[in-house]
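Here is a short round of questions and answers on one residue and the sheet around it. Start with the structure itself.

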Amino acid sequence: MPNDGKSTHRYRNPTRWRAYMRAYMRRWRSPVMKVYAGIGSRETPAFIWGCMQARALILAAQGYTLRSGAATGADFFFEKGALEGHGPTEIYLPWRNYNQHPSTLLPTPEAFLMAEQFHPAWHQLSRGGRCLHARNSHI
């Protein structure tokens with residue numbers, strides 16, 4: 001059937017199709033959580049600290065959530081920037097009071113299973129090492 005420009009099908013009109021799709025997506029859209037991992041070396045050079053802090057501040061202003069692990073060095077400066085920007089944070093600890101951090105987010109049993117699945121020498125790790133790797137599974 002040739003297209004005479006007067007098709008009666010309701011979705012042949014691009015404007016109507018876009019309007020339909022926008023309405024459809026609004027109905028089924030789930031909220032998207034913007035998250036980033038604020039991680040790095042414990043021995044991060046001092047001249048990089050400000051860059052990490054500034055980047056975290058910018059991401060906080062854009063509505064991103066920081067996930068980090070309360071380690072000294074990079075983790076600390078990412079968290080400092082996120083808090084300065086009043087951004088949300090999720091700080092996962094391997095055990096309570098790690099580095100005197102007040103967070104209560106600890107590794108779940110699923111995190112331990114994931115870490116065990118991917119670590120090549122899981123059976124050789126100490127309990128502390130396993131907790132650290134399970135914590136990283138959340139980040």
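Q: Leaving aside its neighbours within four places in sequence, which residues is S68 in contact with?
A: The model is predicted. Neighbours of S68 within four places in sequence are left aside. The contacts that remain are G38, D75, E90, I91, Y92 and I139.

Q: Is S68 buried or exposed?
A: Buried means under 20% relative accessible area. S68 has a relative accessible area of 0%, so this residue is buried.

Q: Which residue has its backbone oxygen 2.6 Å from a polar atom of the side chain of S68?
A: G38 is among the contacts of S68. The backbone oxygen at 2.6 Å from a polar atom of the S68 side chain belongs to G38.

Q: Which residue in β3 stands opposite S68?
A: S68 lies in strand β2. Strand β2, residues 65-68, runs parallel to β3, and 3 bridges join the two. Opposite S68 in β3 stands I91.

Q: Which strands stand at the edges of the sheet?
A: The open sheet has 3 strands, paired in parallel, in the order β1-β2-β3. An edge strand here has a single partner, so one side of it is left without a neighbour in the sheet. The edge strands are β1 (35-37) and β3 (89-91).

Q: What angle does the direction of helix α3 make with that of β2?
A: Neighbouring strands of the sheet are turned by 20° against each other on average, direction ignored. Helix α3, residues 74-84, packs on this sheet and touches β1, β2 and β3. Its direction makes an angle with that of β2 of about 160°.

Terms used: Residues are numbered from 1 along each chain as its sequence is written. This is a predicted model: local features need pLDDT of at least 70, side-chain atom pairs count only at pLDDT 80 or more; totals for chains, interfaces and linings use all residues. Side-chain values use heavy atoms; hydrogens and water are left out. Two strands pair if DSSP finds at least two bridges between them. Helices (H or I, at least four residues) and strands (E, at least two) are DSSP runs, numbered from the N terminus. Axes are lines fitted to C-alpha atoms, for helices over the stretch in contact, and angles run from 0 to 180 degrees between N-to-C directions. Contact means heavy atoms within 4.5 Å. Buried means under 20% relative accessible area, exposed over 50%, partly exposed in between (1.4 Å probe, protein chains only). A polar contact is a pair of N or O atoms within 3.5 Å; within protein, one must be able to donate a hydrogen and the other to accept it, and residues adjacent in sequence count only if both atoms are side-chain atoms.
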